[in-house]
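Colleague: Could you take me closely through the aromatic ring pairs in this protein, and set them against the fold around them and the confidence of the model?

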Amino acid sequence: ALTMSPQARPDRGGSDVPEPTAELIRAARGGDVDGWRKIHDRYRGVLKIVMRGRIPPSVRARFDTDDLLQSGFLVAFRELESYEYRGPGSFRRWLQTIMTTRLHSRLRELHAAKRDPAQERGTASQAELRSLETPSEVAASAERQTELALALGQLDELDRRIVEMKWFDKLSIPRIASELDMHPSKVSRRIVKATQEIHARLGIS
């Protein structure tokens, strides 16, 4: 339910970033790469500053803010249909909520790994996993985020969920296996296979 005028509304929710127009959001929802690139470029800078400031100093060295933003923007692209305009600054706040959710998920995983180092033990496919370019690394640009979102949508539901838990939520293989009631080696194999499928669809050799 978009009610914005064709002109960009100013964002008065804590930054000078202009609100995207209804037309721009509609274009991005339709898979328009240029529309999503404009949204991505408009908000990336301010969100990087905000999210960097929210990472606890004690774990900041272990965080890749760019990776956090890339995964967050990917989620935002896939969930654009759920966005509703709620006044000036609402789109930035919506994006920021998504980024914060990604941050909290990563913090929980770091704390869990600290309590239980066994979560980080390798599996039979760890060497293969390390050799793969991850989806979040692939999505270094707005254009690639659009392509990646479409590629993820072509995976079966279980593979898509596993890939998201591994590469975007940063969950360990044992943690994913526990949550999905699967053997860790099976999780690893599915991650490798699904990531290779994504590479093939994106033309990555």
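Modeller: What follows starts with the model as a whole, turns to the ring pairs, and ends with two individual residues.

This is a predicted model, and its mean pLDDT is 77, with 76% of the residues reaching 70 or more. Confidence varies along the chain: among the elements, helix α9 (residues 173–180) has the highest mean pLDDT, at 90, whereas helix α5 (residues 126–131) has the lowest, at 50. Over residues 120–125 the pLDDT is below 50, and that stretch makes 10 contacts in the model beyond its near neighbours in sequence. Residues 1–15 also stay under 50 in pLDDT, although the model gives them 47 contacts beyond four places in sequence.

As for the fold, the protein has 10 helices and 0 strands, so that, by the DSSP assignment, the pattern read along the sequence is α-α-α-α-α-α-α-α-α-α. Of its 205 residues, 50% count as buried, and the exposed surface comes to about 10200 Å², of which carbon and sulfur atoms supply 47%. Among the contacts with a separation of 6 or more, 65% are between residues 24 or more positions apart.

The ring pairs can be set against this background. A pair of aromatic rings is described by the distance of the centres and the angle of the planes. In this protein the count comes to 6 aromatic pairs. One of them joins tryptophan 36 and phenylalanine 77, whose centres are 5.4 Å apart and whose planes stand at 65°, an edge-to-face arrangement. Because tryptophan 36 belongs to helix α2 and phenylalanine 77 to helix α3, this pair ties together parts that are 41 residues apart in sequence. Both tryptophan 36 and phenylalanine 77 are buried.

Another pair is formed by tyrosine 43 and phenylalanine 91, with 5.4 Å between the ring centres and 50° between the planes, and it is therefore tilted. Here tyrosine 43 lies in helix α2 and phenylalanine 91 in helix α4, so the pair ties together parts that are 48 residues apart in sequence. Tyrosine 43 is buried, as is phenylalanine 91. Ring pairs also link these two residues with others, since Tyr43, Tyr83, Phe91 and Trp94 form a cluster.

Serine 90 is a residue to consider alongside that cluster, and it is found in helix α4 (residues 90–115). Its relative accessibility is 6%, which is why serine 90 counts as buried. Leaving aside residues up to four places away in sequence, serine 90 touches Glu19, Tyr83, Glu84 and Tyr85, and of these Tyr83 is also a member of the ring cluster.

Arginine 62 offers a contrast in accessibility: at 52% relative accessibility, arginine 62 counts as exposed. Arginine 62 sits in the loop between α2 (33–54) and α3 (65–78). Not counting residues up to four places away in sequence, arginine 62 touches Arg106 and Leu110. The C-alpha atoms of arginine 62 and leucine 110 are separated by 9.1 Å, while the two residues are 48 residues apart along the chain.

Conventions:
Residues numbered from 1 in each chain as written. Predicted model: local features only at pLDDT ≥ 70, side-chain atom pairs only at ≥ 80, totals over all residues. Heavy atoms only, no water. pLDDT = per-residue confidence, 0-100. Helix = DSSP H or I, 4+ residues; strand = E, 2+ residues; numbered from the N terminus. Contact = heavy atoms within 4.5 Å. Buried < 20%, exposed > 50% of the residue type's maximum accessible area, 1.4 Å probe, protein only. Areas by Shrake-Rupley, 256 points an atom, 1.4 Å probe, with all protein chains shown as cover. Phe/Tyr/Trp six-rings, centres within 6.5 Å; stacked < 30°, edge-to-face > 60°.
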